[in-house]
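I set out to record what I looked up in this structure. The entries are grouped by topic.

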2 protein chains.
Amino acid sequence: MKAAIMGFGTVGSGVYEVLDRNRETVRKKAGEPIEIKYILNRRDLPGSPVDELVVHEIGTILEDPETGLVVETMGGTSPAYEYVKCCLQAGKHVVTSNKNLVAAHGTELLAIAREKRVSFLFEASVGGGIPIIRTINESLAGDVVEEISGILNGTTNYILTKMYEEGWGFDEALKMAQKLGYAERNPEADIEGYDTCRKIAILTAAASGQEVDYEQIPTEGITKLTDVDFSYAARLGASIKLFGTSICRDGRYYLEVAPVFINARNPLYSVSGVFNGILLNSNMLGESMYYGSGAGKLPTASAVVGDMIAAVQLKDRPAALGWTGQRLEVLPVRLLPWKYFARFEGSREEKKTLTEELFGKVRWLELAGLDEFAILTGPMTGEEFDRAAGQLGGLRRAIRAQV
Amino acid sequence: MKAAIMGFGTVGSGVYEVLDRNRETVRKKAGEPIEIKYILNRRDLPGSPVDELVVHEIGTILEDPETGLVVETMGGTSPAYEYVKCCLQAGKHVVTSNKNLVAAHGTELLAIAREKRVSFLFEASVGGGIPIIRTINESLAGDVVEEISGILNGTTNYILTKMYEEGWGFDEALKMAQKLGYAERNPEADIEGYDTCRKIAILTAAASGQEVDYEQIPTEGITKLTDVDFSYAARLGASIKLFGTSICRDGRYYLEVAPVFINARNPLYSVSGVFNGILLNSNMLGESMYYGSGAGKLPTASAVVGDMIAAVQLKDRPAALGWTGQRLEVLPVRLLPWKYFARFEGSREEKKTLTEELFGKVRWLELAGLDEFAILTGPMTGEEFDRAAGQLGGLRRAIRAQV
């Protein structure tokens, strides 16, 4: 099989490296060698051993009947979308690591792939090298996935880990993440939760078989969190993680991206640093958890190469993967009852009676030297919480708590 | 697709239940309904809604051209082996949950399946519902798996968890496991490590593509462990787990089943109770971990049904799964250097000088009121350890330590 790589950045060059270093393994598993014939890149790569493979026009790949498999590792939606669409329409398998592409155009691209009887695979778009799409689609094919909780963004998990373990402030942790290359110079997509949002949308679409509009998912990042929140968390034996959450209850889907308190009983508690972890709950298997490198050159490339091998094996009978154009109705997670951790201005003594009137039985949390108090409520919906918090007044922070 | 279930015990009836309860999901994923036409069982099931499906002769299934898929959940090797072989030879896909069968006859059955262009799938034979075979075979197809550490037996993990967390003795924990139905009346296969041995053999064969003779794997169970060992472990912030270990170094394979000290830095540390967990290290993805229910009716059945759906999808192009008849040379893990936890008779004061002469720099561990002392050595091979321990004399226990 001859293949092309579109976009030769971190992941694209990683794909080349994996194919090169594990050549024999890949050949054995795929049943034939996979050879990179073209690398589509804006600039030449003078001095690189792959310089002679570089082409600048997508047409070269599209018009080559020998190239049956194309890897898209350009990122972004344009021109990745146009290129991938043309490749599928030309009857070539496409493997991508691009969450933006899959979240925005997955439905259409999957439909074209089905029509053309080629594979469109995207394991690497969520959780880097963790085999989560294949697990949901194949291993749990006989299961109904009822709950997905994912630590899906290594950058934010690194920041939260440092805030928790070292007591760093948000800005300090972000700067270190940038220094180490874990965070972009413009970190918005990570720290505002947009990246996690696209990923939980893709996982939900894979699990439900329906299209998910990620723009409808309530999304909150980690920028508001401070060392004070972590001090309270420590009192509860809890940590704060940024979760992509997807819950199916009675056939209806509740989604959210937001920081969550979890304690050591949650298998995701020990997922630290740039690692990712995904906790599934399905109606037959029950709880299962998947953990590994959610980003990075070779881990992500490993998932791409796994998909390339699958595409070669499956030939013109692609896996029954993905979702249809039927649009899933996204409901906010706050419609369901949760415990809340909440911080309020003022003193516990003054507000104790009113708090208990409004929230019922709560757990009190206090840190010395602060003009505030905090509570852990019993289970209540977001609306119930808002009403009570509004009447009490002076809300400083509210975070869902699974403790 | 019409299917048959051979053996209607816990897992077999679970398969029927999963297919029934998730009928619509299964139909969508498989692309067609999967209907159980026969249940091969020694006795009738009067009063059961499936009684009319019961047959007593394998011939009924073999001779029915409409039945293209057979599930084997009988356990043991005979007549499971003969039945499965006949089914494959008759051109029927076979899905099994039977580790004994796969460990003893996998090579031959895989070869027949390849020849007949049918699927022989066995995800449920290792790790219950955890998708570990598919992960190794497909998701990590472009990776070289260099290390597998598995908590693969829920019974022993339950016993070890109770000894660690509650301070119970071995006998007490075993009795409770039997009472709760986690352990058989004859628990030998679990507590002597034989079950784990077959499972790590299957995983190693899947990862290496070579046949593994499980009888060559050095196998030690958990029966010798006492509360004293756990007290020392606690001093080290460590727990004791029964590991199936498989290490590939420079193309050579080192295997073992034995208790191991691990601390909280190991992702398997928090795998407790009857849960299973598998830690992989592969040359591109790096560390990844898989966690879930390693046994039980519905979790195991969930994996069987996932395989059934795959078999229906793949039709006459089965996955390039499994291993060939090339026999893997099994080397003992003790050839590699490890730290050892070791307990010796006598007093530290008397033996301090000799111990440090023989073992070099060690970490000393002492529990009050015992006529013994313990050490944590630096990395040494099993032979080096044995020689030093023999010269020191009075060895009471030696356990590999990953701390």
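The entries below cover conventions, symmetry, one enclosed helix, salt bridges and a charged patch.

**Conventions.** I worked from a predicted model, in which local features need pLDDT of at least 70, side-chain atom pairs count only at pLDDT 80 or more, and totals for chains, interfaces and linings use all residues. Residues are numbered from 1 along each chain as its sequence is written, chains are lettered from A and ligands numbered from 1 in the order in which they are written, and side-chain values use heavy atoms, with hydrogens and water left out.

**Symmetry.** I superposed the copies by least squares on the C-alpha atoms of residues with pLDDT of at least 70 in both. A turn of 180 degrees with a shift of 0.0 Å along the axis lays chain B on chain A at an RMSD of 0.0 Å. The two copies are thus related as by a two-fold rotation axis. Within chain B, I found B:Y290 to come closest to that axis, its C-alpha lying at 2.4 Å.

**Helix α6 of chain A.** I took helices as DSSP runs of H or I with at least four residues, and strands as runs of E with at least two, numbered from the N terminus. I counted a residue as buried under 20% relative accessible area, exposed over 50% and partly exposed in between (1.4 Å probe, protein chains only). Eight of the eight residues of α6 (132–139) are buried, so this helix is largely enclosed by the rest of the structure. Among them are A:R134 and A:E138.

**Salt bridges.** I required a side-chain nitrogen of Lys or Arg within 4 Å of a carboxyl oxygen of Asp or Glu. The structure holds 50 such pairs over all chains.

- B:E24 pairs with B:R27 at 2.6 Å between the closest N and O atoms; both lie in helix α2 (23–30) of chain B, three residues apart.
- B:E372 and B:R396 meet at 2.6 Å, N to O. B:E372 is in strand β15 and B:R396 in strand β16 of chain B, so the pair ties together parts 24 residues apart in sequence. I noted B:E372 as buried at 2% and B:R396 as partly exposed at 34%.
- Salt bridges that share partners join A:R134, A:E138, A:D307, B:R134, B:E138 and B:D307 into one network.

**Negative patch.** I joined like charges within 9 Å, using residues with over 30% relative accessible area and no salt bridge. A:E345, A:E349, A:E350 and A:D371 form a negative surface patch. I located A:D371 in the loop between β14 and β15 of chain A, where A:D371 is exposed at 54% relative accessibility.

Key
Patch = residues over 30% accessible without salt bridge, like charges linked within 9 Å, V, L, I, M, F, W, Y side chains within 5 Å. Areas by Shrake-Rupley, 256 points an atom, 1.4 Å probe, with all protein chains shown as cover. Lys, Arg positive; Asp, Glu negative; His and termini not counted. Charge placed at Lys NZ, Arg CZ, Asp CG, Glu CD.
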